[in-house]
Every structure is written in C-alpha cells, then in structure tokens.
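Biologist: Before I use any of the labels attached to this model, I would like to go through the reasoning behind them. Please take them one at a time.

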Amino acid sequence: MTILCVRFQLPPTDEAALPELLGLLEEFTPVVEALPPDGALADLRGAERYFGRTAVELASVIRVRALARYGVDCVIGAGPGPMLARMALRDARPGVTCAVSPDSAAEFLAGKPVGALPGVGPATARTLCAYGLDTLGRVAGTPPATLQRLLGARAGRELHEKANGVDRGRVVPNAVSRSLATERPFDRDELDPGRHRRALLSAAEEIGARLRAVDKVCRVLTLTVRYADRSATTRTRTLPEPTAHTPALTRAAYGMYEALGLQRARVRAVVLRAEALGPAEEAPHQLTFDPVDERVRRIEEVADRARARFGPRAVIPGALAA
C-alpha cells in the first residue's frame, strides 16, 4: 500500500487552504497530485523507505499534522495504486485509514457494483447489468474475450484488469498552483440576483489579478453556489482559450450563474475557482483587432501595477468590467 488518497475536510470558508495542505504532503514525498477542491494523491514509495514506516503509519502522521497545524481533519484511503486508493477513500472515515493491500484487492472489489469503478459510466454500467454483470466480482470472473465483445477490445481488457485489482495508474505530480480559488460570502442569506452578480464580478477580478501576478492563465473555471440549507451547486466551464483576462472570466462566471436558473434562491456564498493553470507565455491568444478589447487589456496592466504598489484596494471593484 504505497498510494494515499487524501480528502481534507475543509469548511466552506477555507477552500483556498488546499495549497498549504498540499505543502504538508510534500514534506513526505514530492510525488503529489492535487485533486481540487479538497483532495490529493500522494505516492509514498520513497517515503516508506526513507522514514522506515508504512504508508498507513505515515497517513496517521499526516492526519495529526493537518489537525495540529491547520485544524483540518482528513479522510484517507490507501492502496497499491491510485484507483484502489480512491476506492478505499470511499470506505474510510475520519481517524481511520481504509487500506487495501494487493492480496486483498480482489476481495475488496468483489461485492461492489460495477458503477463504483472509476471510468465506468452509466452507459457502460447499464450494458454490463443487462448481461447480469452487476458486481465487480462477476466482471472479474468473466473471460476477457466476452467483455471485449461487449465493450470493445481495449475497454474490455482494461475493465477485466481493474475488476481483478490490477491498478496500472500512477500519480502525476502537479504544482500546488494548479488551481486558484476565492470565495465571496454574504453577511446574510442573499436573495438578490444583482448582489450575486456583483459578488461574481468581484471574485472574477480577484482571480484575474492573481493569475496575472504569477504569469498564469486558466483553461477551466468552476462556480460553486452555496445555499442557506448547506447544500451547494457546482458548474464547470472550459474556456474558449486559456486566459487571465478579467472580462473573459466574468463572462464565463455570469454564464454559469445564469445557466443555474435560480429562482428566489437564498445564497450564502459563491466560490470561483480557476483550474488547469498554465504559463501565460505559452497560451495562444486569438487576435480580435477590437480597439475596445485592447484598451481594456491596457487598463488591466495599469490596474495591476496600481495594486502591486498601493494594495488591492487601489482599484475600484468593477472598474475593469465597465
């Protein structure tokens, strides 16, 4: 069991704390893959040898340090590969690491429904269930040739391997800054769509400024709306091109908000997250030959310099979108 899948139990107001928590994992291994908004995968093969402890023992240390330093508990699953670690996480609970060893992987998977396996979507699950293959144990006992006839050569082979506990995945390290998030809570549960939009505008301006400050652009934008009953709705949109341009981020945020079709919703907070970050110098930019767009970009540059010199309040909120 060398892979940990960790989900930090972050309160809604602390979603932006994930980079610091990823830094905690990087004290044990450099092979850490962020899973925004609140999780990560960590490959502890080298750490097991270096610290002379098993991955499960190191998981206990990580849990204690997260509580002591940040006041954040976590749920941890451990397995020989990322797939099994993710599935173990679903059976874990705070304070106890759910560990799946290579020898127990087949038994662990046998009774689970086929839809529980990562990569098996509703359509594939319906196809398998139509032939009586409703559990991973039954799939594991089915000849690979049969699965290949049902799903195709590659999909059938991979499904048979995964159902038998063969996990060929790997942890792909990514930077802590693979995502940026900001939250706009309301003083009281807010019904006014106009105030919702102003909060989104403020959040988009902050995200854009933070991206430009580190010469990054984002390709994906995620909006989370939190309601008075503690439920939440999340929408994700892939942008036409990677950008840190505030008006483009604002248009995408407004579009996701409008698509929710909220009717008298009591909103407690909105969270905007920029994901799939990359270097700004490598990002393509579609030339528009629009003098207004060019003027807005120049204003952004001036506003960024003002923020850097005089602080974030140096620019009036909403000025860039005007």
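Modeller: The model is predicted. A place to begin is the cluster that ring pairs form from F28, Y50 and F51.

Biologist: How many aromatic pairs does the structure hold?

Modeller: There are two aromatic pairs in the structure. One of them joins F28 and F51, with 5.7 Å from centre to centre and 50 degrees between the planes.

Biologist: Why is the pair of F28 and F51 called tilted?

Modeller: The centres must lie within 6.5 Å for rings to pair, and planes under 30 degrees apart count as stacked, over 60 as edge-to-face. With planes at 50 degrees, the pair of F28 and F51 falls under neither label, so it is tilted.

Biologist: Which parts does this pair tie together?

Modeller: F28 sits in the loop between α1 and β2, while F51 belongs to helix α2 (residues 45–51), so the pair ties together parts that are 23 residues apart in sequence.

Biologist: What makes the pair of Y50 and F51 edge-to-face?

Modeller: The planes of Y50 and F51 stand at 85 degrees, with 5.0 Å centre to centre. Edge-to-face asks for planes over 60 degrees apart, so the label applies.

Biologist: Of F28, F51 and Y50, which are buried and which are exposed?

Modeller: Buried means under 20% relative accessible area and exposed over 50%. F28 has 10% and is therefore buried. Y50 has 69%, so Y50 is exposed. F51, at 37%, lies in between and is therefore partly exposed.

Biologist: How do you know that the buried residues of α1 line one face of the helix?

Modeller: The buried residues of α1 (residues 18–25) are L18, L21, L22, L24 and L25. Looking down the axis of α1, they fall within an arc of 150 degrees, so they line one face. They pack against the strands β1 (3–8), β2 (32–35) and β3 (39–43), and against α3 (55–70).

Biologist: What puts the buried residues of α9 on the same side?

Modeller: In α9 (residues 153–163) the buried residues are G156, L159, H160 and A163. Their arc around the axis is only 100 degrees, which puts them on the same side of α9. What covers them includes α5 (105–110), α6 (122–130), α7 (136–140) and α8 (144–151). The face turned away from the buried side carries A153 and R154, which are exposed. After α9 comes G165, with a positive phi near 85 degrees.

Biologist: Why is L239 called buried?

Modeller: The relative accessibility of L239 is 4%, and the cut-off is under 20%, so L239 counts as buried. L239 is found in strand β8 (residues 232–243). Beyond neighbours within four places in sequence, L239 contacts C218, R219, L221, L249 and A252. From L239 to A252 is 13 residues in sequence and 7.4 Å between C-alpha atoms.

Biologist: What describes the packing of α10 and α11?

Modeller: Two packed helices are described by the angle between their axes and the distance between the axes. For α10 (residues 193–213) and α11 (residues 246–260), the angle is about 145 degrees and the axes are 9 Å apart. The crossing is right-handed. By class, the contact of α10 with α11 has ten nonpolar, four polar and four charged residues. Residues of α10 in this contact include P193, L200 and L211, and those of α11 include L249, Y254 and E258.

Notes
Residues numbered from 1 in each chain as written. Predicted model: local features only at pLDDT ≥ 70, side-chain atom pairs only at ≥ 80, totals over all residues. Heavy atoms only, no water. Buried < 20%, exposed > 50% of the residue type's maximum accessible area, 1.4 Å probe, protein only. Helix = DSSP H or I, 4+ residues; strand = E, 2+ residues; numbered from the N terminus. Arc of directions from axis to C-beta. Contact = heavy atoms within 4.5 Å. Axes fitted to C-alpha atoms, helices over the stretch in contact; angles between N-to-C directions. Left-handed = near helix turned anticlockwise from the far one by under 90°. Nonpolar A, V, L, I, M, F, W, Y, C, P; charged D, E, K, R; others polar. Phe/Tyr/Trp six-rings, centres within 6.5 Å; stacked < 30°, edge-to-face > 60°.
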